[in-house]
Amino acid sequence: MKIILLAVAFIIPLMRNTACAENIKARQTETGIWEADFADLCVPKMTQPMPGATLSHIIKALSRRFTRPSLQLRQVSNHSVEVDIIDGDYLAEQMGSTGAALFLIAATFSLTSVKGIHAVRFFFEEGSHARPGIFNRRSILLDFGCKVKP
């Protein structure tokens, strides 16, 4: 009985993490809005498929999802997009660490879902809960303490 319980305790979380990793991998080429949640910050999920959406479409959709802060497109170059975070002080100082993580993960995953975009450079003043920089899907998760396979 102990062996079964022990196996269940280890196998179910492993299966869940494997399934989530496979979900991200299988859907990583789909354009749309991606979000993490408080319960599982390290496993973003596609919440709004937007086939063929442009960066402008994604930014507008994120602005509807997050009324504060918002994103403004600066430029696109060499497979990366540069965005200003409007009301960056709210992100960096008032949303808390988890709120800032949820926003930056959603923005990074959503913007990099657009074909040809592999990284996002965020511009805003660094604060207690968030820092500007260049992020891709792997680095944004690592930045917030998630364990990510190499």
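Strand 3 and strand 4 pair in the antiparallel sense, and seven bridges hold that pairing. I open with this pair because strand 3 (70-77) stands at an edge of its sheet with a single partner strand, so one side of strand 3 is left without a neighbour there. Please bear in mind throughout that this is a predicted model.

Let me stay with the pair for a moment. Within it, Q72 stands opposite D84 in strand 4, and S77 stands opposite S80 in strand 4. The two strands form a hairpin, with two residues between them. What is the phi of N78 in that turn? It is positive, at about 45°, although N78 is not a glycine. H79 is likewise found in the loop between strand 3 and strand 4, and H79 has a positive phi of about 65°, again without being a glycine. As background, most residues other than glycine have a negative phi. As for its surroundings, N78 is exposed, with a relative accessible area of 73%.

Now to the sheet as a whole. It is an open sheet of four strands in the order 3-4-5-6, and its pairing is mixed. Strand 6 (133-135) stands at an edge, as strand 3 does, and each has a single partner strand. From one strand to the next, the twist averages 25°.

Two helices should be described against this sheet. Helix 2 packs on the sheet and touches strand 3 and strand 4, its direction making about 165° with that of strand 3. Helix 4 lies across strand 3, strand 4, strand 5 and strand 6, and runs at about 135° to strand 5.

Between helix 2 and strand 3 there is a loop, and P69 has its place in that loop. The peptide bond that joins R68 and P69 is cis, with an omega of about -15°. For reference, most peptide bonds are trans.

Helix 4 merits a closer look. The helix comprises residues 96-111, 16 residues in total, and reaches 22 Å from its first C-alpha to its last, close to the 22 Å expected at 1.5 Å a residue. Is helix 4 mostly covered or mostly uncovered? Mostly covered: 14 of its 16 residues are buried.

That brings me to the interior. The largest nonpolar core has 39 residues, and among these L71, L111 and F122 touch the most other members. Elements that give two or more residues to this core include strand 1 (32-37), strand 2, helix 2 (55-65), strand 4 (80-86) and helix 5. Which element provides the largest share of the core? Helix 4 does, with ten residues. In soluble globular proteins, nonpolar side chains tend to be buried together.

One member of the core shows how these parts meet. Leaving aside its neighbours within four places in sequence, L111 is in contact with L55, I58, I59, L71, V81, V83, I117 and V120.

Next, strand 1 and strand 2. These run antiparallel and are joined by five bridges. A hairpin of two residues leads from strand 1 to strand 2, and W34 stands opposite M46 in strand 2.

Strand 2 also leads us to the disulfide. The count for this model comes to one disulfide, which is formed by C42 and C146, with their sulfur atoms 2.0 Å apart. The link is left-handed, with -85° about the S-S bond. Why does this pair tie together separate parts of the chain? C42 lies in strand 2 (residues 40-49) and C146 in the segment after helix 5 (137-143), so the parts that are tied together are 104 residues apart in sequence. Regarding accessibility, C42 is partly exposed, with a relative accessible area of 31%, whereas C146 is buried, at 5%.

To close, I would draw attention to three places in the model. The first is the turn between strand 3 and strand 4, where N78 has its positive phi. The second is helix 4, which lies across the four strands of the sheet and gives ten residues to the largest nonpolar core. The third is the disulfide of C42 and C146. Thank you for your attention.

Terms used: Residues are numbered from 1 along each chain as its sequence is written. This is a predicted model: local features need pLDDT of at least 70, side-chain atom pairs count only at pLDDT 80 or more; totals for chains, interfaces and linings use all residues. Side-chain values use heavy atoms; hydrogens and water are left out. A disulfide is a pair of cysteine sulfur atoms within 2.5 Å. Buried means under 20% relative accessible area, exposed over 50%, partly exposed in between (1.4 Å probe, protein chains only). The expected span of a helix is 1.5 Å times one less than its number of residues. A nonpolar core is a set of buried Ala, Val, Leu, Ile, Met, Phe, Trp, Tyr and Cys residues joined through side-chain atoms within 4.5 Å. Contact means heavy atoms within 4.5 Å. Two strands pair if DSSP finds at least two bridges between them. Axes are lines fitted to C-alpha atoms, for helices over the stretch in contact, and angles run from 0 to 180 degrees between N-to-C directions.
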